[in-house]
Amino acid sequence: MIIISSIRADSVGGDLQHYIPRFTEFGKQNIGQLLGDRTKYGWIYALYCKLAYTINSNNQSFLFFTSIFNLSFVAYFIRKYSPKPLLSIFLYITFAFYTNTFNSVRSSMALG
């Protein structure tokens with residue numbers, strides 16, 4: 001699931017046109033600017049973008065790191081609390097929670 005959600009085009013998703021430019025913008029700023037600037041995106045998200053941009057500045061890496069972040073929480077809770085992990089994964093996909101991570105980046109991160 002991480003590979004599928006991270007190799008998609010950056011035009012797939014309802015809000016990526018807002019977040020890809022912020023990824024580059026926050027990535028180019030220094031830590032002092034990120035913590036000093038008031039932004040509607042929040043300083044935790046700005047630091048997340050800075051970290052991801054420092055590792056790799058390619059837009060595809062933003063999708064990859066976001067996919068890992070979102071799906072790692074799901075994997076943790078399925079592994080820890082589900083008596084039938086395959087059924088839980090099936091429900092996660094069929095109830096469109098997985099595809100929601102394509103459409104709403106920050107809300108999916110917040111749910112995680």
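This is a short tour of the structure, stop by stop, with a selection to make at each one.

**The whole chain**

Start with everything shown as a cartoon, and keep in mind that this is a predicted model. You should find eight helices and zero strands, so reading along the sequence gives the pattern α-α-α-α-α-α-α-α. Switch on a surface next: the accessible area comes to about 7000 Å², and 65% of that belongs to carbon and sulfur atoms. Of the 112 residues, 35% count as buried. If you draw the contacts with a sequence separation of 6 or more, residues 24 or more positions apart account for 62% of them.

**The largest nonpolar core**

Now select Phe 23, Phe 26, Tyr 45, Tyr 48, Cys 49 and Phe 62 and show their side chains. Within the 16 residues of the largest nonpolar core, these are the ones that touch the most other members. Colour helix H2 (16–28), helix H4 (43–55) and helix H5 (59–81), each of which supplies at least two residues of this core. Which helix gives the most to the core? That is H4, with six residues. As a general point, nonpolar side chains tend to be buried together in soluble globular proteins.

**Along helix H4**

Stay with H4 and pick out its buried residues: Tyr 45, Ala 46, Tyr 48, Cys 49, Lys 50, Ala 52 and Tyr 53. When you look at their spacing, recall that an α-helix has 3.6 residues a turn, so residues three or four places apart point the same way. You can also put a distance between the end C-alpha atoms of H4, which are 18 Å apart; this agrees with the 18 Å that its 13 residues should span at 1.5 Å a residue.

**Lys 50 and Gln 29**

Is Lys 50, a residue of helix H4, buried or exposed? Lys 50 counts as buried because its relative accessibility is 17%, under the 20% cut-off. Show what surrounds this lysine: leaving out residues up to four places away in sequence, Lys 50 touches Phe 26, Gly 27, Gln 29, Asn 30, Ile 31 and Leu 34.

From that list, move to Gln 29, which lies in the loop between H2 and helix H3 (31–36). Gln 29 is buried too, because its relative accessibility is 15%. Beyond its neighbours within four places in sequence, Gln 29 is in contact with Leu 34, Asp 37 and Lys 50. Try a distance to Leu 47 as well: the two residues are 18 apart in sequence, and their C-alpha atoms are 9.9 Å apart in space.

**The second core and Ile 89**

For the last stop, return to the cores. Besides the largest core described above, there is a second, separate core of five residues, including Leu 71, Val 74, Tyr 92 and Tyr 98. Keep Val 74 selected and add Ile 89, which sits in helix H6 (residues 85–94). The C-alpha atoms of Ile 89 and Val 74 are separated by 8.9 Å, with their positions 15 residues apart along the chain. Ile 89 counts as partly exposed because its relative accessibility is 32%.

Definitions and conventions: Residues are numbered from 1 along each chain as its sequence is written. This is a predicted model: local features need pLDDT of at least 70, side-chain atom pairs count only at pLDDT 80 or more; totals for chains, interfaces and linings use all residues. Side-chain values use heavy atoms; hydrogens and water are left out. A nonpolar core is a set of buried Ala, Val, Leu, Ile, Met, Phe, Trp, Tyr and Cys residues joined through side-chain atoms within 4.5 Å. Buried means under 20% relative accessible area, exposed over 50%, partly exposed in between (1.4 Å probe, protein chains only). Helices (H or I, at least four residues) and strands (E, at least two) are DSSP runs, numbered from the N terminus. Contact means heavy atoms within 4.5 Å. The expected span of a helix is 1.5 Å times one less than its number of residues. Accessible areas come from the Shrake-Rupley method with a 1.4 Å probe; for residues, only the protein chains shown count as cover.
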